[in-house]
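Hi everyone, thanks for coming along. I have a structure to show you today, so let me put it up on the screen and then talk you through a few places in it.

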Amino acid sequence: MSTKKIMLKSSDGKMFEIEEETARQCQTIAHMIEAECTDNVIPVSNVTSEILEMVIEYCNKHHVDAANPCSDEDLKKWDKEFMEKDQYTIFHLMNAAYDLHIKSLLALAYQTVADMVNDNKWAFE
Amino acid sequence: MSQIFSFAGENDFYRRGAIYPNPKDASLLLSLGSFADVYFPPSKRSRVVAPTIFSAFEKKPVSIDVLPDECLFEIFRRLSGPQERSACAFVSKQWLTLVSSIRQKEIDVPSKITEDGDDCEGCLSRSLDGKKATDVRLAAIAVGTAGRGGLGKLSIRGSNSAKVSDLGLRSIGRSCPSLGSLSLWNVSTITDNGLLEIAEGCAQLEKLELNRCSTITDKGLVAIAKSCPNLTELTLEACSRIGDEGLLAIARSCSKLKSVSIKNCPLVRDQGIASLLSNTTCSLAKLKLQMLNVTDVSLAVVGHYGLSITDLVLAGLSHVSEKGFWVMGNGVGLQKLNSLTITACQGVTDMGLESVGKGCPNMKKAIISKSPLLSDNGLVSFAKASLSLESLQLEECHRVTQFGFFGSLLNCGEKLKAFSLVNCLSIRDLTTGLPASSHCSALRSLSIRNCPGFGDANLAAIGKLCPQLEDIDLCGLKGITESGFLHLIQSSLVKINFSGCSNLTDRVISAITARNGWTLEVLNIDGCSNITDASLVSIAANCQILSDLDISKCAISDSGIQALASSDKLKLQILSVAGCSMVTDKSLPAIVGLGSTLLGLNLQQCRSISNSTVDFLVERLYKCDILS
């Protein structure tokens, strides 16, 4: 059974296809879908293609169902590896998660930054 | 950041906003200077410089400050310890505001043990006065002390220009759960909301003092009562909007209350006072009621329910009558009362005071002042009834005469050690003798101050009546002559204050020092203008253990100071020669000679001593505090 797909358009014009159920992790998008104000293409005007691709990767991994089983342990390990990025990227991921209202990604980003500050790895200059 | 979705329609499903409901809150904070009470581990200093992120693949720097407050807040609350939060708080005013708004229960990780260990919880004390009382300073204190054991005591003394508000107290409430004592003075900008924050965050609060807090009402006190069951001390002064409702809540919830002081709070009435005392778990030991609109009912309740009261102060209770004091004494509840102070209460009559004396069998100390209706009969009856009395002080009781004074001395029993009579204008000199067998052997301290009618005959009677006197204070008694003073010399005197006794002579000082040289420790003859260098020669020759000498405004000169310095026995710690115009720079070597033991030297208004001499003494006598 094919699932419904929607398109996300990044600030630099790139298009990304994503399953609607997966996209619903973004509460902002979920609200738009319910309000029926999507025309199958949703412009995400403040997120670059590079960051949006990572956000979609995160959402795909965290959309756990019968077709995509994943244990908590595996997910935690994957999250840790996923956040092994430079602080510029983490910063923009956090912004994207904030604007798209992805609670789990936001919490992950917060904890990552906090851990970096604790370990003196977050450079302020 | 702008909205990221370019579409029209409803967008109120997620409203972005500051972490504060009122966006102006953050701007209430003033600029953060070097005063900030924020702790920095050395390893953290270098990295907290400029909150900017640089991209490897984008030249334009991105400021972390563009993150919404919620994001920063969430990061800060996940930091592993108070030191890390302190370091972040010092980056900017905005960050300080955010860090100080984190409640302890919102911190996502258990705090690390402080370097001092856990013994120090709540051991830090901070005080903010006047212009220094600002919300920024409070926020800095809140964050800074959290990493070093926690704030235990906070005092804020505001001024008309104080920029401290509920926002500052919120920082304290959220970051300082160990706060045990809070004192707010003259801060009309702090309201009930500030106290609500303290109540919510500082459940360990034990002492609360509110003085001239005109915007705090019963609501704030009720919040404290409900959330701070360990409250032991409550002080309210000039809080015009706090009344019985607040006290009722305190009475219901704070069973450990030991001390209550309420002054000049017009809304506090009998019901509030009654609720504090009639609580079954009440263990109130100290009670002060001053300038309140309470009636005889309150005193009746005190007399009946004040079973644990040891210290009682009643002052300026203009609506309390004789009946109130009579009922209080007959209530037989004040069995543990140790100390009683009654000031400016019209209800203190002979009958009222006698009743109080009978009702408080264990009272050791009594101070009765500004009681115009109290006469000799009442005073003597009180003395007879108060079998345990050790100290009695009368001040501005203008109907009390010499008969009341001597009558109370003779009737006070064997325990009276100290008697003080101040500004009692009806005291005259005795014209009749006292019974030959009478004596007051326990009396060690006698103070008669500014009673102009007190004369030689009275002193002669005291000399016979009180052979064990050690401490005598006859300040401002201009009616006593040389012969009167000489009646006192048979005692083993330790402290003497004859300041302002203009008839004091060298002969008296010579006789007293000859007789009491081995016991005298303190001698004050300030303003005795007939005292000359001869007295200082006697002091130098006779006094072995004198440590405190005040010869201000006496007729002494350089040779007198020289005599003091030449004594090998004298080891003065405090010397005052203020206003001695005949003491000149020539005394410099003598003062330096005395300086090996001196801790305090008063040279004020010594017009013949130059500034250069004072400067030299300040440099040379480095252990000594010098007033000039």
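I'll start with the two chains as wholes and then visit a few spots in chain B.

One thing to keep in mind throughout: this is a predicted model.

Let's take chain A to begin with. It has 6 helices and 3 strands, and reading from the N terminus the order is β-β-α-α-β-α-α-α-α. Of its 125 residues, 48% are buried. If you take the contacts in chain A with a separation of 6 or more, 60% of them join residues 24 or more positions apart. The surface that chain A exposes is about 6,300 Å², with carbon and sulfur atoms supplying 47% of that.

Now chain B. Here we have 22 helices and 22 strands, and 54% of the 628 residues count as buried. Among the contacts in chain B with a separation of 6 or more, 81% are between residues 24 or more positions apart. Its accessible surface comes to about 26,100 Å², and 51% of this belongs to carbon and sulfur atoms.

On to the helices, beginning with H10 of chain B, residues 270-278. How many of its residues are buried? The count is 7 of 9, so this helix is largely enclosed by the rest of the structure. If you'd like to find them on the screen, the buried ones are Asp270(B), Gly272(B), Ile273(B), Ala274(B), Ser275(B), Leu276(B) and Leu277(B). And what covers them? The cover includes two helices of chain B, H9 (244-253) and H11 (296-305), along with two strands, E8 (259-263) and E9 (286-290).

Next, a helix pair. As a reminder, two packed helices are described by the angle between their axes and the distance between the axes. Our pair is H14(B), residues 376-385, and H15(B), residues 402-411; they pack at an angle of about 10°, and their axes are 8 Å apart. Since angles under 35 degrees count as roughly parallel, H14(B) and H15(B) are therefore roughly parallel to each other. From the H14(B) side, the residues that make the contact are Asp376(B), Leu379(B), Val380(B), Ala383(B) and Lys384(B). Across from them, H15(B) brings Phe403(B), Gly404(B), Phe405(B), Gly407(B), Ser408(B) and Asn411(B). By type, the residues of this contact are 5 nonpolar, 4 polar and 2 charged. And a general point while we look at that kind of pattern: an α-helix has 3.6 residues a turn, so residues three or four places apart point the same way.

Last stop: two threonines in chain B. Thr341(B) is in strand E11. Why does Thr341(B) count as buried? Because its relative accessibility is 15%, and the cut-off for buried is under 20%. Leaving out neighbours within four places in sequence, Thr341(B) is in contact with Leu312(B), Val313(B), Leu314(B) and Ile367(B).

The other one, Thr349(B), is in the loop between strand E11 (339-343) and helix H13 (350-359). Buried or exposed? Thr349(B) is buried, with a relative accessible area of 12%. Not counting residues up to four places away in sequence, Thr349(B) touches Glu322(B), Leu373(B) and Leu374(B). With Glu322(B) there is a polar contact, side chain to side chain, at 2.6 Å. Trp326(B) is 23 residues away from Thr349(B) along the chain, and their C-alpha atoms are separated by 9.3 Å.

That's the tour, and I'm happy to go back to any of these spots.

Technical notes. Residues are numbered from 1 along each chain as its sequence is written. Chains are lettered from A and ligands numbered from 1 in the order in which they are written. This is a predicted model: local features need pLDDT of at least 70, side-chain atom pairs count only at pLDDT 80 or more; totals for chains, interfaces and linings use all residues. Side-chain values use heavy atoms; hydrogens and water are left out. Axes are lines fitted to C-alpha atoms, for helices over the stretch in contact, and angles run from 0 to 180 degrees between N-to-C directions. Helices (H or I, at least four residues) and strands (E, at least two) are DSSP runs, numbered from the N terminus. Angles under 35 degrees count as roughly parallel, over 145 as roughly antiparallel, 65 to 115 as roughly perpendicular and the rest as oblique. Contact means heavy atoms within 4.5 Å. Ala, Val, Leu, Ile, Met, Phe, Trp, Tyr, Cys and Pro count as nonpolar, Asp, Glu, Lys and Arg as charged, and the others, Gly among them, as polar. Buried means under 20% relative accessible area, exposed over 50%, partly exposed in between (1.4 Å probe, protein chains only). Accessible areas come from the Shrake-Rupley method with a 1.4 Å probe; for residues, only the protein chains shown count as cover. A polar contact is a pair of N or O atoms within 3.5 Å; within protein, one must be able to donate a hydrogen and the other to accept it, and residues adjacent in sequence count only if both atoms are side-chain atoms.
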